[in-house]
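Open the model in your viewer and keep the selection box handy. We'll go from one stop to the next, and at each one you'll hear what to pick and what to look for.

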Amino acid sequence: MCASALPLAWLELATGLLLVVGAGAWAQAGLGVAWSVLPAAAAVYAVMAVILARFWETPARSLGAANRVTLFRGTLVALSAGAVLSPQTLAAHVWAFAGLAAVALALDGVDGWIARRKGEATAFGARFDMELDAFFILVLCSALLVLGKAGFWVLAIAAMRYAFLASMRVWPWLGAPLPESFGRKLVCVWQVATLLVCLPPWIGGDLAQPLLVFALVLLAWSFARDIRWLRRRRLRPGAFANPMSAP
């Protein structure tokens with residue numbers, strides 16, 4: 001088989017799995033992280049890789065530089081998810097977990113910048129980045145629940161977007177394109193930053209909970225604003241002809 005016919009995308013996905021396994025093994029040997037973290041993180045990454053392979057239509061073609069950055073973030077999120085599934089490990093290494101999450105957050109936006117700079121912006125890349133962000137938020141919310149910083153209600157921060165997606169099956173008009181919104185992006189950054197700030201031990205539940213409640217209220221307002229805009233556009237004939245027009 002010639003080099004050009006190799007399934008490059010699959011090789012890139014496999015490389016990500018090797019990174020997860022290698023990082024997990026190092027954490028176990030060097031930090032004393034429980035062995036249960038490694039198979040859990042590998043399983044999370046494997047599911048993500050299978051989904052990506054399913055929707056990447058040309059395996060022989062590389063994912064591209066921008067998607068590789070997103071994929072690397074995916075390895076960090078998978079490792080974080082593995083830690084959440086081991087409460088004792090998470091409690092003992094909360095600073096390492098927070099650092100890992102901070103790196104994943106810092107890299108968010110780098111993939112988009114690379115995509116625009118190299119002309120690699122695609123619907124696949126945008127969806128990959130969006131779904132990874134949503135799962136990352138779910139992991140952070142779960143971590144705060146496991147650490148006892150908040151009750152089960154904190155999962156509503158992550159569940160809101162999944163509920164919105166599920167609602168599209170009942171009300172398809174919710175799936176119409178939304179205009180670019182600085183406010184929406186600001187709310188997204190705010191909620192992730194709040195989740196990260198609440199992770200360290202020096203932030204107790206008494207302080208974390210009001211911060212998280214504010215983030216939840218802000219997120220609910222953002223979704224309500226978008227839903228209201230979509231509903232108004234739905235009721236106007238031909239309104240979706242130019243979906244990027246200002247609300």
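Before the first click, a word on burial: a residue is called buried when its relative accessible area is under 20%, exposed when it is over 50%, and partly exposed in between (1.4 Å probe, protein chains only). This is a predicted model, where local features need pLDDT of at least 70, side-chain atom pairs count only at pLDDT 80 or more, and totals for chains, interfaces and linings use all residues. Residues are numbered from 1 along each chain as its sequence is written, and side-chain values use heavy atoms, with hydrogens and water left out.

**Stop 1: two rings to warm up**

Select W190 and F214. W190 is partly exposed, with a relative accessible area of 42%, and F214 counts as partly exposed too, at 45%. Rings of Phe, Tyr and Trp (its six-membered ring) pair if their centres lie within 6.5 Å; planes under 30 degrees apart are stacked, over 60 edge-to-face, and the rest tilted. The ring centres of W190 and F214 are 5.9 Å apart with planes at 75°, so this pair is edge-to-face. W190 sits in helix α9 and F214 in helix α10, 24 residues apart. Helix names here follow DSSP runs (H or I, at least four residues), numbered from the N terminus.

**Stop 2: the ring cluster**

The whole structure has 4 aromatic pairs. Now pick W56 and F124, an edge-to-face pair with 4.8 Å between centres and 65° between planes. W56 is in the loop between α2 and α3 while F124 is in helix α7, so the pair ties together parts 68 residues apart in sequence. W56 is buried at 9% relative accessibility, and F124 is buried at 19%. Add F128 to your selection: ring pairs link W56, F124 and F128 into a cluster.

While you're here, show R54 and F55. The charged end of R54 sits over the ring of F55, 5.2 Å from its centre. That wording applies if NZ of Lys or CZ of Arg is within 6 Å of the ring centre and within 35 degrees of the ring normal.

**Stop 3: charged partners**

Side chains of opposite charge can pair when their charged atoms come close. How many salt bridges does a search of the whole structure find? It finds 8, counting a side-chain nitrogen of Lys or Arg within 4 Å of a carboxyl oxygen of Asp or Glu.

- Select E12 and R68: their closest N and O atoms are 3.1 Å apart. E12 belongs to helix α1 (residues 8-31) and R68 to helix α3, 56 residues apart. E12 is buried at 16% relative accessibility, whereas R68 is partly exposed at 38%.
- Select R73 and D129: this salt bridge has an N to O distance of 2.4 Å. R73 is in helix α3 and D129 in helix α7, so the pair ties together parts 56 residues apart in sequence. Both R73 and D129 are buried.
- Select E131 and R161: the closest N and O atoms are 2.9 Å apart. E131 is in helix α7 and R161 in helix α8 (residues 156-167), 30 residues apart. E131 is partly exposed at 23%, but R161 is buried at 16%.

Next, show R73, D108, D111, D129 and D133 together, which are linked in a network of salt bridges.

**Stop 4: helix α6**

D111 leads us to α6, residues 110-118. Which residues of α6 are buried? They are D111, I114 and A115. They cover an arc of only 100° around the axis (taken from the directions from the helix axis to the C-beta atoms), which puts them on the same side of α6. Spin the view: the face turned away from the buried side carries the exposed residues R116 and R117. What covers the buried residues includes α3 (65-84), α5 (94-107) and α7 (123-146). Just after α6 comes G119, whose phi is positive, near 70°.

**Stop 5: the cores**

A nonpolar core is a set of buried Ala, Val, Leu, Ile, Met, Phe, Trp, Tyr and Cys residues joined through side-chain atoms within 4.5 Å. Select F97, L140, I157 and L212: they have the most contacts inside the largest nonpolar core, which has 55 residues. Helix α7 gives the most to this core, with 10 residues. A second, separate core of 5 residues includes A65, V69, I114 and A115.

Technical notes:
Helices (H or I, at least four residues) and strands (E, at least two) are DSSP runs, numbered from the N terminus. Contact means heavy atoms within 4.5 Å.
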